Amino acid sequence: MSKSMTIRDVAKAAGVSPATVSRTFVHPEKVDSVTRNKILALAKELNYRPNAAARSLITGLTGNIGIVVPDLTNPFFPTIVRSVQRKAEQLGYSALLVDTGEDVKHEPELTENLARQVDGLVLCSPRMSDEKLVDISSRYPLVMINREVPEVPAVTIDNRSGIAQEVAHLKALGHHRIGYVAGPQTSYSCLIRQQAATELLADAGLEEVSIGRFEPTFDGGRSAAQQVLLSSVSAVMVYNDVMALGLINQLAQFGVKVPEDLTVVGYDDIEFSSMSSPALSTVHVPRNDSGILAMNYLDALLRQGVNGPELPPRLPTEFIFRETSRRLGSPLVAQ
């Protein structure tokens, strides 16, 4: 087994003191660029890794970041978590994960417990109140994804544009009476999407039928099926893809065919939406990009302090036309 390199080995190879090597990794700005670059190159060549625990004692930093999600079983979130984690590793951090289980009451406590163990946080679609988010962000470095609160940094999604594209799609297919299956009241993106649907359907001269609120899960979508059937709509917009897939599953058990009897469109473009049969028409959300941008921001915030970098504008969404959409009253076309 090869010998593990120590700080003294790097110092000897570089012709400097161990203290200078330590300073290079802990306070690089205090080491002149020529010496710093030489030490870093030799450390890489010798496969030397600074002792994280020792560095933490000196700097007060852990080298860890925290990721908080409301429900890891929801396929919307793993892609975001993975992109944050990969970018964090590239930037030299380890990532710790907390799943709050859609528990709004305990989410703040779980978030603060994690915050005390890490250098900064990435909060994915947090459910807690605006006031609590402002409070936590005033005490811990953080960035949110898919949630907007004044004075709290966030990577945001253009949900209204996605809904506008869905409405235009359904109108072009000849649908006039359209149902909306909503998610939980505690979800910020659900409220934004539902409000946009109500406004944009009215602007387009279309009738909206509110089907109700359901859990943002496969079973939540299944439980909406009966109300959908009683609503006499020709098309349904569903809060997210997981619910849409559950709805289609239960409709099939009732003998209702999609899209022959009913058009269904989802939102998020999770991986399963293109794998299902029929493939789900939906709105693509750039989840991978949102995770990378959030981690880049958090890294800059930790390095620069209060004056973090400027965040990007809302990330664009794009409607994806697949097999669950059909023109009202049109015959099936063989694929």
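A salt bridge here is a side-chain nitrogen of Lys or Arg within 4 Å of a carboxyl oxygen of Asp or Glu. On that count, the structure holds 12 salt bridges. The model is a predicted one, and its charged side chains are a handy way into it, so to speak, once the overall picture is in place.

To start with the general layout, the protein has 335 residues, of which 48% are buried. Its secondary structure adds up to 14 helices and 11 strands. Along the principal axes, the C-alpha atoms fit in a box of roughly 80 × 45 × 30 Å. As for contacts between residues at least 6 apart in sequence, 68% of them join residues at least 24 apart. The accessible surface is about 16,200 Å², and carbon and sulfur atoms account for 52% of that.

Next come the charges. There are 32 positive and 37 negative side chains in the protein, and the centres of these two sets sit 8 Å apart. Some of these side chains pair up over a long stretch of sequence. Take Glu148 and Arg314, whose side chains form a salt bridge at 2.3 Å, N to O. The two residues are 166 apart along the chain, and the pair links distant parts of it. Glu148 sits in the loop between strand 4 (142-145) and strand 5 (154-155), while Arg314 is found in the loop between helix 14 (287-304) and strand 11 (318-320). Both ends have some surface showing: Glu148 is partly exposed at a relative accessible area of 29%, and Arg314 is partly exposed at 43%.

A second bridge has its partners out of sight. Asp268 and Arg193 meet through their side chains at 3.0 Å, N to O. Asp268 belongs to the loop between strand 9 (263-265) and helix 13 (271-275), and Arg193 to helix 9 (residues 188-203), so this salt bridge ties together parts that are 75 residues apart in sequence. Asp268 counts as buried because its relative accessible area is 4%, under the 20% cut-off. Arg193, at 2% relative accessibility, is buried as well.

The pair Arg287 and Glu271 mixes the two settings. Their side chains make a salt bridge at 3.6 Å, N to O. Arg287 is in helix 14 and Glu271 in helix 13, so the bridge joins parts 16 residues apart in sequence. Arg287 is buried, with 5% relative accessibility, whereas Glu271 is partly exposed, with a relative accessible area of 36%. Salt bridges also link up into a network, made of Glu112, Lys132, Asp135 and Arg139.

Aromatic pairing is a shorter story. The count comes to one aromatic pair. Phe76 and Phe77 make up this pair, in an edge-to-face arrangement with 5.1 Å centre to centre and 90° between the planes. Phe76 and Phe77 are both buried.

One last spot concerns helix 8 (residues 159-172), which is where Ala168 lies. Ala168 is partly exposed, with a relative accessibility of 47%. Between Ala168 and Leu201 there are 8.9 Å in space, C-alpha to C-alpha, and a separation of 33 residues in sequence.

Definitions and conventions:
Residues numbered from 1 in each chain as written. Predicted model: local features only at pLDDT ≥ 70, side-chain atom pairs only at ≥ 80, totals over all residues. Heavy atoms only, no water. Helix = DSSP H or I, 4+ residues; strand = E, 2+ residues; numbered from the N terminus. Buried < 20%, exposed > 50% of the residue type's maximum accessible area, 1.4 Å probe, protein only. Contact = heavy atoms within 4.5 Å. Areas by Shrake-Rupley, 256 points an atom, 1.4 Å probe, with all protein chains shown as cover. Lys, Arg positive; Asp, Glu negative; His and termini not counted. Charge placed at Lys NZ, Arg CZ, Asp CG, Glu CD. Phe/Tyr/Trp six-rings, centres within 6.5 Å; stacked < 30°, edge-to-face > 60°.
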